[in-house]
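I opened this notebook to record what I looked up, entry by entry, for someone who has not met the structure before.

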Amino acid sequence: MDYRERIFLQEGTSFPGKTYAEAVLEPAFNEAKHHLLQPMMAINKAHLIMLRETELLTEAEARQIARALCGIDLEELRRSAYTGQFEDLFFQVESRLSELAPDVAGNLHLARSRNDMGITIYRMVLREKLLVTIASALYLKEHLLLFAHEHAETVMIGYTHTQQAQPTTMAHYIMAAADLLGRDIKRLIQAYQTVNRSPMGAAALTTSGFAISRERMRELLGFDELVENSYDAVCGADYLGEVATAVQLAAINLGRTVQDMLLWCTQEFHALKVASPYVQISSIMPQKRNPVSFEHIRSLLSTSAGNAMTVLTMMHNTPFGDIVDTEDDMQPYAWKSMAVLEQMYRLMACVVGTMEVNKDVLLERAKASFATVTELADTLVRTDRLSFRKAHHIVSRVVREAASASLLANQISLELVNRAAVDVIGRELSITAEELRLALDPVHFVMIRKLPGGPNPEEIKRQIAERRAVLQQENAWLAAKKQACTDAMNRLDQMIAEWSVE
């Protein structure tokens, strides 16, 4: 027996080969029966309605097929195991329809293909999962805005290049994270708008010679637009790539904030305390309060970004033609990436919404830090009309001398500043002791930075109010899209149910 014969003996001589079924068809079937069956049936119902309205089916034929559609036991299909009798779920459903309406069920496939059906199913699943993800993103955004409002006056040090930079507030930091999330939400909404377009009527590639109504199919299935070009409709997988890109970037963006917060939970930073429901104890060290919620959010966001990247990698160098079968492999990675991101949005909202901030430690750290000395240089420009560069040189000298004398920022004296000024510009300054105190006060630093986007508490509250108005609009958009999809599916069910009555 040669090696070919051994393979045929193991795999069989007809489709599907044993390993092909195990590695490809069975996993795809299991995903399909849980995720794709409902939209597949919705497409069957919509297509039936459209065929009847365009008089491609008689009323009697339409009623017979409607009864067959209503007669399919979806739960039985979801419980079924892959046997290889049918290539995939589509053919299993088609076979069942033929049993229930043997004379006419085949006409349900007029002017359509598994190509346009498959892409339409994928888009229907993706739009549903996107709406769930967007809802959780909006939930997190709401809690970030609440947290920012609570901490509008919580002064802390901001960092650049991992080094203490300037005083800011916790709210200023959180609003930056909220605005980043806001852009992620915009990208997810844009991805939804790209996804929510109907390919139905493209058929295999070139539409059909039957006078069907693509626009009616769009309407019946609750899509906002058509994918007009029929070649694009079955070949242009960028709708999936756009989802993956938006999800990947969102996961990366949130992960950066989580990384900061995990660091701030250390005893050395002593800035945040995660609430008890989201920490775990050590099995050996009684003092430990491990902020494992942040750790899991960080690592799981990486899996979300990774699964999204897998989608993009699988798309790479795929021929610009029908890739429905390839999408069977790609789609689950997109679903997983969105599912994890959605869960992490909800978990992050809970953790941030319940954690404690050590306001006193943050303020005292800011008072002692040289992070305030940018304002000292600015003050010298105002009081002595120096160029900023000269003021910068003076303050740099002050910082070096204070550090060498082990002085904190709030221990810098007017004498020290004047001594540095004499060395740099040859004279003492006109700044007063009170002006020096204010220049080194982190609260004063924050209060005078009231330009748009600055950390001044009133400016922060203005930003929060604007973001809340946007959040209200986004929630209204979400509710409208959910309702539109629900209404479309309900109308389909109602019409087919009425047609199925004898």
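Entry 1. I began with how enclosed helix α7 is, keeping in mind that this is a predicted model, and I found that 27 of its 37 residues are buried, so α7 is largely enclosed by the rest of the structure. I then looked up its extent: α7 covers residues 114-150 and reaches 54 Å from its first C-alpha to its last, which is close to the 54 Å expected at 1.5 Å a residue.

Entry 2. I turned to the start of α7, where a side-chain oxygen of Ser 113 comes to within 2.9 Å of the backbone nitrogen of Asn 115.

Entry 3. I picked out His 149, which also lies in α7, and asked whether His 149 is buried or partly exposed. The relative accessible area of His 149 is 39%, and with buried meaning under 20% and exposed over 50%, His 149 is therefore partly exposed. I also looked up His 149 against Ile 431, and noted that the two are 282 residues apart in sequence and, C-alpha to C-alpha, 35 Å apart in space.

Entry 4. I went on to a pair of helices, α11 (residues 238-264) and α12 (residues 292-315), whose axes come within 8 Å and cross at roughly 155 degrees. Since angles over 145 degrees count as roughly antiparallel, α11 and α12 are therefore roughly antiparallel to each other. I noted, too, that the crossing in which α11 passes α12 is left-handed, and that the contact of α11 with α12 has, by class, 18 nonpolar, six polar and three charged residues.

Definitions and conventions:
Residues numbered from 1 in each chain as written. Predicted model: local features only at pLDDT ≥ 70, side-chain atom pairs only at ≥ 80, totals over all residues. Heavy atoms only, no water. Axes fitted to C-alpha atoms, helices over the stretch in contact; angles between N-to-C directions. Helix = DSSP H or I, 4+ residues; strand = E, 2+ residues; numbered from the N terminus. Parallel < 35°, antiparallel > 145°, perpendicular 65-115°, else oblique. Left-handed = near helix turned anticlockwise from the far one by under 90°. Nonpolar A, V, L, I, M, F, W, Y, C, P; charged D, E, K, R; others polar. Expected span 1.5 Å × (residues − 1). Buried < 20%, exposed > 50% of the residue type's maximum accessible area, 1.4 Å probe, protein only. Polar contact = N/O pair within 3.5 Å; in protein donor to acceptor, adjacent residues only side chain to side chain.
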